[in-house]
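Hi everyone, thanks for making time for this. I'd like to walk you through a structure that may be new to you, so let's put it up on the screen.

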Amino acid sequence: MNEDEMPVGIGRPPTNGKQAGTKLLWIGIWLAFMSAPVKDLADGNHTPWATALGTLGLLVFVGSYLVLVFRHTSKALDPFRVRAALAFLGTLAVLLSLTFGTPWLVLFVYVSVSVGATLPMRTARWLIPAVTAVLVAIGLTGDHPREIITALVFPALLGGFAMSGVRQMIRTTIQLREARATVAQLAANEERLRLARDLHDLLGHSLSLITLKSELAGRMLPEHPEQAAAQVADIEQVSRQALVDVRSAVTGYRRPTLPGELAGARTALAAAGVTADVPAEAPEDLPEKVEEALAWALREAVTNVVRHSGAGRCTVTVAPRQTLDGRVLELTVADDGRGSAGTLRGNGLTGMAERLATVDGTLTTRATEPRSGKGFTTVLSVPLESGLGSRE
């Protein structure tokens, strides 16, 4: 799935033209209720000048509504501009309703929705009923059918308060996303501190010893070259051991772990809008090579689900199983997407199979729903007898 095809996340502004068009479509789809004033203009119930002015007023109203809701849900606008835009929409709705009659009362529904979409709940909870009250007042002052007024009151109230709920949900989603980013940053900082402490513990003594022996060799060099050479040999030995320790530490940090990849799978699937059913814990005491192979394969399988499957749900299971060849640890990644046609069948699966082969593991794939051929399931199996309980 490329960047242009990715959906716009809740509370996340569009990053390209296609996403912006999609978001505008979802906002503008509710303009279908504008059919009443459009029909009023098309039926020729007014003079040509009145029809032209009404068309212009309706276009200005719709444009202002779309700009206000779209821009505010993409990026919060200045409160003064929001209130000015709402006042303009309300005034335009009053003028058009008083001028053109009953079909134009529907504009107040959009004013109410705009209030709910842009203002805090403490303000919207009284302003939405106020807008509805103006709708009723204008409807009662003129010769308007009472059933139309009654039919518009409920959408105005419901639409306004529903948009307030959506606005609150968007704000909560943004706060959760920011909190998750903060937690990730704190975890990364803690990992850096831990690496710094480990490197200090590994290299502190070695570097101090190298410095001390270097100074000693320097003092011995003019008069005692044999002793200086011995010190240099010690320096070489200490530095080689320090290099081995650093490489071992860095290799440990780079090695993926199964618990880490399970947590990463939950995050990646949630970010892609896929409902994730992923276990919180992984089996303990797995040999390092087995765990590393499973971790890399799990990462690749989840990446395939996110990028290529178009799935709405993905389930990951990790459990031992008895087979004819003995006990195996079976890791399954199953989605409800497009099936094998929507899954990368090239280097991704080949690489997984090659990694598993290094620990005598196997990779099998099948349709999640065999009868319909829908979905794709990847099964990763490694034998448990080859070292379970003893770390390599």
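Let's begin with a pair of residues: Leu-363 sits opposite Leu-380, which belongs to strand S5. Before going further, please keep in mind that this is a predicted model.

Leu-363 brings us to strand S4, residues 362-366, which pairs with S5 in the antiparallel sense over 5 bridges. S5 has another partner as well: strand S3, residues 326-335, pairs with S5, also antiparallel, over 8 bridges. On that side, you can find Asp-335 opposite Phe-376 of S5. So is S5 largely enclosed or largely open? Of the 8 residues in S5, which runs over residues 376-383, 7 are buried, so the strand is largely enclosed by the rest of the structure.

Now step back to the loop between helix H11, residues 347-357, and S4, where you will find Asp-360. Most residues other than glycine have a negative phi. Asp-360 is not a glycine, and yet its phi is positive, at about 65 degrees. Asp-360 counts as exposed because its relative accessibility is 59%, and the cut-off for exposed is over 50%.

Next, the salt bridges. How many does a search of the whole structure find? The search finds 4, and I'll show you some of them.

Have a look at helix H8, residues 225-254, which also holds Ser-239. In H8, Glu-236 and Arg-240 are 4 residues apart, which means about one helical turn separates them. An α-helix has 3.6 residues a turn, so residues three or four places apart point the same way. Glu-236 and Arg-240 do form a salt bridge, with 3.1 Å between the closest N and O atoms. Glu-236 is partly exposed at 41% relative accessible area, while Arg-240 is exposed at 54%.

Another salt bridge joins Glu-261 and Arg-299, and here the closest N and O atoms are 2.5 Å apart. This pair links distant parts of the chain: Glu-261 is in helix H9, residues 258-271, Arg-299 is in helix H10, residues 288-309, and their positions lie 38 residues apart in the numbering. Glu-261 is buried, with a relative accessible area of 12%, whereas Arg-299 is partly exposed at 36%.

We can also return to the strand region for Arg-321 and Glu-330, a salt bridge whose closest N and O atoms are 2.9 Å apart. Arg-321 is partly exposed, at 40%, and Glu-330 counts as buried, at 17%.

Let's turn to helix H7. Its 75 residues, 146-220, should span 111 Å at 1.5 Å a residue, and the end C-alpha atoms are 109 Å apart, so the two values agree. H7 does have a kink of about 35 degrees, centred on Leu-203.

Back in H8, what about Ser-239? Ser-239 is partly exposed, with 31% relative accessibility. Ser-239 and Leu-209 are 30 residues apart in sequence, and their C-alpha atoms are 9.4 Å apart in space.

One more stop, on the surface. Which residues make the nonpolar patch of about 250 Å²? They are Leu-56, Val-60 and Phe-88. Val-60 lies in helix H3, residues 48-74, and Val-60 is partly exposed, with a relative accessible area of 33%.

That's my tour. Thanks for listening, and I'm happy to go back to any part of it.

Notes. Residues numbered from 1 in each chain as written. Predicted model: local features only at pLDDT ≥ 70, side-chain atom pairs only at ≥ 80, totals over all residues. Heavy atoms only, no water. Helix = DSSP H or I, 4+ residues; strand = E, 2+ residues; numbered from the N terminus. Buried < 20%, exposed > 50% of the residue type's maximum accessible area, 1.4 Å probe, protein only. Patch = residues over 30% accessible without salt bridge, like charges linked within 9 Å, V, L, I, M, F, W, Y side chains within 5 Å. Areas by Shrake-Rupley, 256 points an atom, 1.4 Å probe, with all protein chains shown as cover. Salt bridge = Lys/Arg side-chain N within 4 Å of Asp/Glu carboxyl O. Expected span 1.5 Å × (residues − 1). Bend = angle between axes of the 7 residues up to and from the residue. Pairing = 2+ DSSP bridges.
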